[in-house]
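Trainee: I would love a close look at one part of this model, the aromatic rings and what lies around them. Could you take me through that part slowly and then set it in the wider chain?

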Amino acid sequence: MRQTLAGFATGLSVVAAEIDGRIVGMPANSLASISLEPPLVALAFTDTSTTWPVLQHAPTWGISILSENQAAVLNALRRPTAERFKGVETVSHNGAVHILGALATLTVRAHDFIEAGDHTLALLTVTDLRRDESQRPLVFFNSQTHTLSH
């Protein structure tokens, strides 16, 4: 299943929150738009994640959709949890953490959590969002990052 779905191109995002004075978060390529009214998005978190059990208790989260020039940010976020955000430029507002220079940002709060196989599906209410229309996305396809071509 993993190999087959690697043929489905997705954008790359980062979900993060400030908890007890430190940034907790991780990359995510499972971001999906669910509803316009009310504004809902979803993310899926694997049950083996060590970040998810901490992140799920934050009242607000930031989701940053990475731009094509942010592959280095994605690589930094693959480091161990304690080092993950070192050197990554972020901005925090009311606990939601966003990556500076992202193509788009969303601020969200939990709407519902649904157990789904070996993942938890988090339905999230969007409370704020912004997009820089001059940027293009970083894309995940065949387990590698790519940029769009014209």
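Mentor: Happily; what follows starts with the rings, moves to their surroundings and ends with the surface and the charged pairs.

Keep in mind from the outset that this is a predicted model. The chain has three helices and twelve strands. Its radius of gyration is 15 Å, close to the 15 Å that the globule rule gives for 150 residues, so the chain is as compact as a globular protein of that length. Along the principal axes, the C-alpha trace spans about 40 × 35 × 35 Å.

Now to your rings. How many aromatic pairs does the structure hold? There are four. Take Phe-45 and Trp-61 to begin with: their ring centres are 5.9 Å apart and their planes stand at 85 degrees, so this pair is edge-to-face. Phe-45 belongs to strand 5 (residues 40-46) and Trp-61 to strand 6 (residues 61-65), so the pair ties together parts that are 16 residues apart in sequence. Are these two residues buried or exposed? Phe-45 has a relative accessible area of 3%, which makes it buried, and Trp-61, at 1%, counts as buried too.

Trp-61 has another ring partner in Trp-52: the two form an edge-to-face pair, with 5.9 Å from centre to centre and 90 degrees between the planes. Trp-52 is buried as well, with a relative accessible area of 5%. If you step back from the individual pairs, ring pairs link Phe-45, Trp-52, Trp-61 and Phe-113 into a cluster. That cluster is a good thing to keep on screen while we look outwards.

One residue to pick up from there is Thr-107, because Trp-61 is among the residues that Thr-107 touches beyond four places away in sequence. Thr-107 sits in strand 9 (residues 104-116) and, at 14% relative accessibility, counts as buried, since the cut-off is under 20%. Its contacts outside the sequence neighbourhood also include Ala-96 and His-98, together with Thr-125, Val-126, Thr-127 and Asp-128.

Val-97 is a useful next stop. This residue lies in strand 8 (residues 96-99), and its relative accessibility of 1% puts it among the buried residues. Leaving out residues up to four places away in sequence, Val-97 touches Gly-62, Ile-63 and Ser-64, and also Thr-90, Val-91 and Ser-92. Ala-16, Ala-17, Glu-18 and Ile-23 complete that list of contacts. For a sense of scale, the C-alpha atoms of Val-97 and Val-139 are separated by 21 Å, with their positions 42 residues apart along the chain.

These contacts can be set against the chain as a whole. Buried residues make up 39% of its 150 residues. Of the contacts between residues at least 6 apart in sequence, 64% join residues at least 24 apart.

Let us turn to the outside. The chain exposes about 8700 Å², and carbon and sulfur atoms supply 53% of that area. Met-1, Leu-5 and Phe-8 form a nonpolar patch on the surface, with about 410 Å² of accessible area together. Phe-8 lies in the loop between helix 1 (2-5) and strand 1 (10-11). With a relative accessible area of 57%, Phe-8 is exposed, whereas Phe-45 in the ring cluster is buried.

The charged pairs round off the tour. Side chains of opposite charge can pair when their charged atoms come close. A search of the whole structure finds two salt bridges. In one of them, Arg-136 meets Glu-68, and the closest N and O atoms are 3.7 Å apart. This pair links distant parts of the chain, 68 residues apart: Arg-136 is in the loop between strand 10 (119-131) and strand 11 (138-141), and Glu-68 is in the loop between strand 6 and helix 3 (71-76). Both ends count as partly exposed, Arg-136 at 24% relative accessibility and Glu-68 at 31%.

The other salt bridge joins the side chains of Arg-130 and Asp-128, at 3.6 Å from N to O. Arg-130 is exposed, with a relative accessible area of 57%, while Asp-128 is partly exposed at 30%. Asp-128 also brings us back towards your rings: Thr-107 touches both Asp-128 and Trp-61, and Trp-61 is part of the cluster we began with.

Technical notes:
Residues numbered from 1 in each chain as written. Predicted model: local features only at pLDDT ≥ 70, side-chain atom pairs only at ≥ 80, totals over all residues. Heavy atoms only, no water. Patch = residues over 30% accessible without salt bridge, like charges linked within 9 Å, V, L, I, M, F, W, Y side chains within 5 Å. Areas by Shrake-Rupley, 256 points an atom, 1.4 Å probe, with all protein chains shown as cover. Salt bridge = Lys/Arg side-chain N within 4 Å of Asp/Glu carboxyl O. Helix = DSSP H or I, 4+ residues; strand = E, 2+ residues; numbered from the N terminus. Buried < 20%, exposed > 50% of the residue type's maximum accessible area, 1.4 Å probe, protein only. Phe/Tyr/Trp six-rings, centres within 6.5 Å; stacked < 30°, edge-to-face > 60°. Contact = heavy atoms within 4.5 Å. Rg over C-alpha atoms; globule rule 2.2 N^0.38 Å.
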